[in-house]
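Here are some comments on the model you sent, set out as numbered points. They move from the overall fold to individual side chains.

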Amino acid sequence: MPNEAPGVTGDAATERASPEALMRAIHEQYRGPLLRFLTRLVLGRQELAEDLVQETFLRTWRNLETLAEDPRRIAPWLYTVARHVAIDAMRARQSRPPEVAIPDLNRLASAEDEMDRVVSTHTVRLALQQIKPEHREVLVEMYYKGSSVAEAAQRLGIPEGTVKSRTYYAVRALHAAIGPTESS
C-alpha cells in the first residue's frame, strides 16, 4: 500500500492515521473554504477571518479524537464551529465599549492657555501701536474683520495689489515689533 496522506472522506485509513496526519489533512482540505466562509460572515475583514479560521482549527485539534471516529461529520462540524466562533467574536466586539482616540492632554485648554491668550492679545495690541497706521489698517481689515483682499481694498480705498503688499510688510513689521518669542 502506497504511503499517502490520510484523507478525511471516511475511509478506513483515516481511522488509523496519526492525529497530526489527520489534522494536516483537515487543514489542507478545509482551510481555503473556511476562510472564504468566514470572510463573508465578517463582512470582508480578511485579518479577522484568518484569526477565526485559526480558532476553528484550534478547536478542531481539541476535538480530533471525536471527529476521527466519524470523518463524515468533520465538514458539518467545522462549519458549525466556524459560525459559532464568528458569532462569539462579533458579540465580544459589541460588548466592549467602542475604541476612541485619547486626546492629547498637552493640547487641551487649561487656565494657563487662557492666560497665554490674554498675554498674546496684549502683546499684539502693543505691537500694533508701534507700526505705521497704513499697515495697522490693513491688518485690522484682513485679520480682525476677516475681510478679503477685495473687501479690504474697497473699504480702505486702495488697489488690491496695495492691500497685498501692505499686508506682507505689515506682518513683517508686526513680527519685528513683537520681537523674539519662546516658540520662534
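1. Accessible areas here come from the Shrake-Rupley method with a 1.4 Å probe. On that basis the protein exposes about 13300 Å², of which carbon and sulfur atoms supply 52%. Please keep in mind throughout that this is a predicted model.

2. As to the overall fold, the protein has nine helices and zero strands, and read along the sequence it follows the pattern α-α-α-α-α-α-α-α-α. Of its 184 residues, 27% count as buried. Among contacts between residues at least 6 apart in sequence, 53% join residues that are at least 24 apart.

3. Four salt bridges are found in the structure, and one of them joins E55 to R59, with the closest N and O atoms 2.9 Å apart. Both residues belong to helix α3 (residues 46–62), where they are four residues apart, or about one turn of the helix. The spacing fits the general geometry: an α-helix has 3.6 residues a turn, so residues three or four places apart point the same way. E55 counts as partly exposed because its relative accessibility is 26%, and R59 is likewise partly exposed, with a relative accessible area of 28%.

4. A further salt bridge is formed where the side chains of D70 and R72 meet, at 3.1 Å from N to O. R72 has a relative accessibility of 66% and therefore counts as exposed, since the cut-off for that class is over 50%.

5. Which residues of helix α7 are buried? In this helix, which spans residues 133–144, they are H135, V138, L139, E141 and M142. Seen down the axis of α7, these buried residues fall within an arc of 165 degrees, so they line one face of the helix. Just after α7, G146 takes a positive phi of about 70 degrees.

6. E141 deserves a separate comment, as it is a member of that buried set and also forms a salt bridge with K145, the closest N and O atoms being 3.2 Å apart. Are the two partners buried or exposed? E141 is buried because its relative accessible area is 6%, which is under the 20% cut-off, whereas K145, at 54% relative accessibility, counts as exposed. The pair is also part of a wider arrangement, in that E141, K145 and R155 are linked in a network of salt bridges.

7. Turning to helix α8 (residues 149–156), E151 is found there and is partly exposed, because its relative accessible area is 38%. E151 and V163 are twelve residues apart in sequence, and their C-alpha atoms are 9.9 Å apart in space.

8. Finally, a nonpolar patch on the surface is formed by M115, V118 and V119, which together have about 270 Å² of accessible area. V119 lies in helix α6 (residues 111–130), and at 46% relative accessibility V119 counts as partly exposed. That class does not keep V119 out of the patch, because membership requires over 30% relative accessible area, a value that the 46% of V119 satisfies.

Key:
Residues are numbered from 1 along each chain as its sequence is written. This is a predicted model: local features need pLDDT of at least 70, side-chain atom pairs count only at pLDDT 80 or more; totals for chains, interfaces and linings use all residues. Side-chain values use heavy atoms; hydrogens and water are left out. Patches are made of residues with over 30% relative accessible area and no salt bridge: like charges are joined within 9 Å, nonpolar side chains (Val, Leu, Ile, Met, Phe, Trp, Tyr) within 5 Å. Helices (H or I, at least four residues) and strands (E, at least two) are DSSP runs, numbered from the N terminus. Buried means under 20% relative accessible area, exposed over 50%, partly exposed in between (1.4 Å probe, protein chains only). The arc is that of the directions from the helix axis to the C-beta atoms. Contact means heavy atoms within 4.5 Å.
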